[in-house]
Amino acid sequence: MLQLRDTAVLVTGAGRGLGWGIARAFGIAGAKVCVTDLDEEELARCARDLAADGTTHHTRRSDVADLTECATVVKTIVNRWGRLDVVVHCAIYMPLIGFEALTPEEWWRQITVGLGGLFNCAHAAWPQMKSQGGGHVIGIASGSSLRGYKDEVAYCTVKHGVEGFVKAMSLEARAHNIALNTIGPGAPIKPTRMTWAEYDQAPTNLRARWADPVELGQAWVWLAAQPPGRFSGYRFDAAPLVQTIAREGPAFSFAPEKVTLYPDDFRARQEWYSGYAD
Ligand SMILES: NC(=O)c1ccc[n+]([C@@H]2O[C@H](COP(=O)([O-])OP(=O)(O)OC[C@H]3O[C@@H](n4cnc5c(N)ncnc54)[C@H](O)[C@@H]3O)[C@@H](O)[C@H]2O)c1
């Protein structure tokens with residue numbers, strides 16, 4: 001099991017769902033974890049679970065779409081723990097709406113949470129990561145990062161945009177030893193928007209089809225344990241990565257097939273970055 005001592009991590013939108021699993025996985029690995037969310041009830045449940053794991057943690061109601069609030073969160077983390085090593089932007093606002101019913105307000109809210117939130121996190125964490133000599137910023141990938149789906153115009157735009165952001169930013173962040181990547185779940189997980197209360201009511205046979213977010217969370221822990229100079233600007237997928245770690249250990253001999261559902265895309269990015277003149 002990977003250990004991350006003296007590591008401070010921020011996970012946005014982590015009151016429930018994938019973010020909750022990632023936050024717990026980091027805590028189990030020994031990291032100090034700050035969790036933000038808009039929903040106080042989900043945050044309280046996450047705080048209870050982190051406490052039960054024995055994780056040093058801080059939970060905070062904060063809107064990731066608001067840059068000032070993100071800056072306050074980063075300041076709080078640095079005041080408490082002296083550093084910020086990893087930011088995982090998980091928060092998402094994703095109502096399913098067809099284009100004709102999509103108001104400009106709905107469109108911009110989805111964009112400012114899903115994509116703007118990543119900018120806000122990177123912007124707020126950047127000076128601290130630069131001054132401490134590096135860090136990791138990790139976005140969340142999806143099938144919607146590559147394909148289109150009906151009623152997901154804003155969501156697909158967000159998820160495609162997140163890939164563009166890490167591709168471009170990785171080139172500018174190299175000089176500061178800051179890595180930007182994305183990781184998708186790589187296996188079915190509970191649907192977005194489903195609350196803890198709804199999850200608790202879901203039939204057992206349905207829940208059994210969803211991967212455990214805490215197990216998947218080991219993929220984020222693994223990536224955060226890599227030197228930032230090793231991988232930046234890539235898309236990983238948690239399920240194959242976690243299976244590889246289980247089979248071969250965390251120091252496995254690397255091949256794109258072992259860490260993503262899209263190895264050709266991974267290789268195309270490797271080729272682009274290696275030929276890119278600084
Ligand atoms: N569930 C899936 O099938 C799936 C598949 C691929 C990728 N993803 C991605 O995983 C990530 C987590 O999704 P999930 O399925 O766990 O969703 P979820 O709905 O369970 O959790 C999202 C959390 O974000 C919080 N949130 C919403 N707006 C916020 C804001 N402005 N500021 C702070 N927090 C806010 C919500 O309150 C909620 O707790 C997302 O980036 C999503 O795109 C999910």
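**Questions about the ligand site and three residues**

Author: Welcome! In this predicted model, the ligand takes up the space of the largest pocket.

Reader: Thanks! Which residues are the closest to the ligand, and how many surround it?

Author: The ligand is surrounded by 26 residues, and the closest are Asp 37, Asp 63, Tyr 155, Lys 190 and Thr 192. To be counted here, a residue needs a heavy atom within 4 Å of the ligand.

Reader: What makes the pair between Lys 190 and the ligand a polar contact?

Author: The cut-off is 3.5 Å between N or O atoms. A polar side-chain atom of Lys 190 lies 2.6 Å from an oxygen atom of the ligand, so the pair counts as a polar contact. Thr 192 also brings a polar side-chain atom, 2.7 Å from a ligand oxygen. With Cys 90, a polar backbone atom is the partner, 3.0 Å from an oxygen atom of the ligand.

Reader: How much of the ligand's accessible area does the protein cover?

Author: On its own the ligand has 840 Å² of accessible area, and the protein covers 91% of that.

Reader: Which helices each supply at least two residues of the shell, and what kinds of residue make up the shell?

Author: Helices H1 (17-28), H4 (104-114) and H6 (153-173) each supply at least two. By kind, the shell has 13 nonpolar, five polar and eight charged residues.

Reader: Let's move along the chain. What makes the phi of Asn 177 worth a remark?

Author: Most residues other than glycine have a negative phi. Asn 177 is not a glycine, yet its phi is positive, about 60 degrees. You will find Asn 177 in the loop between H6 and strand S6 (178-184).

Reader: Why is Asn 177 called partly exposed?

Author: Partly exposed covers the range between the 20% and 50% limits. Asn 177 has 32% relative accessibility, so it counts as partly exposed.

Reader: Where is Arg 193, and what is its phi?

Author: Arg 193 sits in the loop between S6 and helix H7 (196-201). Its phi is positive, about 85 degrees, although Arg 193 is not a glycine. Because its relative accessibility is 40%, Arg 193 counts as partly exposed.

Reader: And Lys 32: how do you know that it counts as partly exposed?

Author: Buried would require a value under 20%. Lys 32 has 24% relative accessibility, so it counts as partly exposed. Lys 32 lies in strand S2 (residues 32-37). Its C-alpha atom is separated by 6.6 Å from that of Thr 55, and the two residues are 23 residues apart along the chain.

How values were computed: Residues numbered from 1 in each chain as written. Predicted model: local features only at pLDDT ≥ 70, side-chain atom pairs only at ≥ 80, totals over all residues. Heavy atoms only, no water. Polar contact = N/O pair within 3.5 Å; in protein donor to acceptor, adjacent residues only side chain to side chain. Areas by Shrake-Rupley, 256 points an atom, 1.4 Å probe, with all protein chains shown as cover. 1 Å grid on protein atoms, 1.4 Å probe; cavity = no way out; pocket = protein on both sides within 12 Å on 5 of 7 lines; lining within 4 Å. Sits in = over half its atoms within 2 Å of the grid points. Helix = DSSP H or I, 4+ residues; strand = E, 2+ residues; numbered from the N terminus. Nonpolar A, V, L, I, M, F, W, Y, C, P; charged D, E, K, R; others polar. Buried < 20%, exposed > 50% of the residue type's maximum accessible area, 1.4 Å probe, protein only.
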